[in-house]
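Here are some exercises to work through with the structure open beside you. Try each task on your own, then compare your route with the worked solution.

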Amino acid sequence: SADEIARLCYERFDQLPRRGKPEAGREWTLLAAVLRTARSAKSDQVTKEVVSLATGTKCVGRSAMSPNGDVLNDSHAEVIARRGCVRYLIQELHRAVTGGDSAVFCRAEQRGKWKLKPGVSFHFFCSHTPCGDASIVPMTDSPSCGFFS
């Protein structure tokens, strides 16, 4: 359930060291995460793991951007969580390709191809509505607004 996913994300965040976290009552940040769930083929057991977790709320200004590409420009939690998930998937694919036991990938029918293991899925969690266009919510439920047609 969505509540369980949120609980797992907050529990994982709480396990992290205090350093760098917002000061309670004075500061806040957005929390974003990606969870991997795996349903066992032999039973109804489902394992859940937070594979990427991030906090953050801003982009650096134009004056702080580096022409060398050595400064992280976008530090929104959603972006960092996505990057962490991509890194996790690359590590899991490498593990599978080199003969290790991947929690995510198995061989596909076509030679040289890989696929998600049966029962594996991913869920994205965000503690607040993302900023920008992703946070635009229609003010009316009128079919003419295009969102409900």
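The exercises below go from the overall fold to one sheet, one core and one arginine, in a model that is predicted.

**Exercise 1. Find out how far the model can be trusted along the chain, and where to be careful.**

Solution. Start with the whole chain: the mean pLDDT is 83, and 85% of the residues reach 70 or more. Next, look for the weak stretch. Over residues 144–149 pLDDT stays under 50, and the model has eight contacts there beyond four places in sequence. Finally, decide what to do with those contacts. Where pLDDT is low, the predicted coordinates should not be read in detail.

**Exercise 2. Write down the order of helices and strands from the N terminus.**

Solution. First count the elements: the chain has two helices and seven strands. Then walk along the sequence, which gives the pattern α-β-β-β-β-α-β-β-β. For a view of how the chain folds back on itself, turn to the contacts between residues at least 6 apart in sequence: 45% of them join residues at least 24 apart. As for burial, 22% of the 149 residues count as buried.

**Exercise 3. Work out the strand order of the open three-stranded sheet, and say which strands stand at its edges.**

Solution. Take the pairs in turn.

- β1 and β2 pair antiparallel over nine bridges, and they form a hairpin with six residues between them.
- β1 and β7 also run antiparallel, joined by seven bridges.

Putting the pairs together gives the order β2-β1-β7. The edges are β2 (46–55) and β7 (120–126): each has a single partner strand, so one side of each is left without a neighbour in the sheet. Ignoring direction, neighbouring strands here are turned by 20° against each other on average.

To check the register, use A33, which stands opposite L53 in β2 and opposite F125 in β7. A further check is A38, whose bridge partner in β2 is T47.

**Exercise 4. Describe how the two helices sit against this sheet.**

Solution. Begin with α1, which lies across β1, β2 and β7 and runs at about 55° to β2. Then take α2 (residues 77–97): this helix packs on the sheet as well, touching β1, β2 and β7, and its direction makes about 130° with that of β2.

**Exercise 5. List the residues of the largest nonpolar core and find which element gives the most to it.**

Solution. The general expectation comes first: in soluble globular proteins, nonpolar side chains tend to be buried together. Now list the members, ten in number: I5, A6, L8, C9, F13, L31, A33, L35, V50 and F125. Sort them by element. Both α1 (2–15) and β1 (31–39) supply at least two residues, and α1 gives the most, with five.

To see the core from one residue, select C9. Leaving aside neighbours within four places in sequence, C9 is in contact with L31, A33, L35, V50, L53 and F125. Apart from this core lies another, of nine residues, including V34, A38, F105 and V120.

**Exercise 6. Is R36 buried or exposed, and which side chains make polar contacts with the side chain of R36?**

Solution. Locate the residue first: R36 is found in strand β1. That strand is mostly covered, with eight of its nine residues buried. Next, apply the cut-off of under 20% relative accessible area for a buried residue. R36 has 9% relative accessibility, so R36 counts as buried.

Now look for polar partners. The side chain of E49 makes a polar contact with that of R36 at 2.7 Å, and the side chain of Y88 makes one at 3.1 Å. To finish, list the surroundings: not counting residues up to four places away in sequence, R36 touches T47, K48, E49, V51, Y88, A103, V104, V120, S121 and F122.

Conventions. Residues are numbered from 1 along each chain as its sequence is written. This is a predicted model: local features need pLDDT of at least 70, side-chain atom pairs count only at pLDDT 80 or more; totals for chains, interfaces and linings use all residues. Side-chain values use heavy atoms; hydrogens and water are left out. A nonpolar core is a set of buried Ala, Val, Leu, Ile, Met, Phe, Trp, Tyr and Cys residues joined through side-chain atoms within 4.5 Å. Buried means under 20% relative accessible area, exposed over 50%, partly exposed in between (1.4 Å probe, protein chains only). Helices (H or I, at least four residues) and strands (E, at least two) are DSSP runs, numbered from the N terminus. Contact means heavy atoms within 4.5 Å. pLDDT is the predictor's confidence in each residue, from 0 to 100. Two strands pair if DSSP finds at least two bridges between them. Axes are lines fitted to C-alpha atoms, for helices over the stretch in contact, and angles run from 0 to 180 degrees between N-to-C directions. A polar contact is a pair of N or O atoms within 3.5 Å; within protein, one must be able to donate a hydrogen and the other to accept it, and residues adjacent in sequence count only if both atoms are side-chain atoms.
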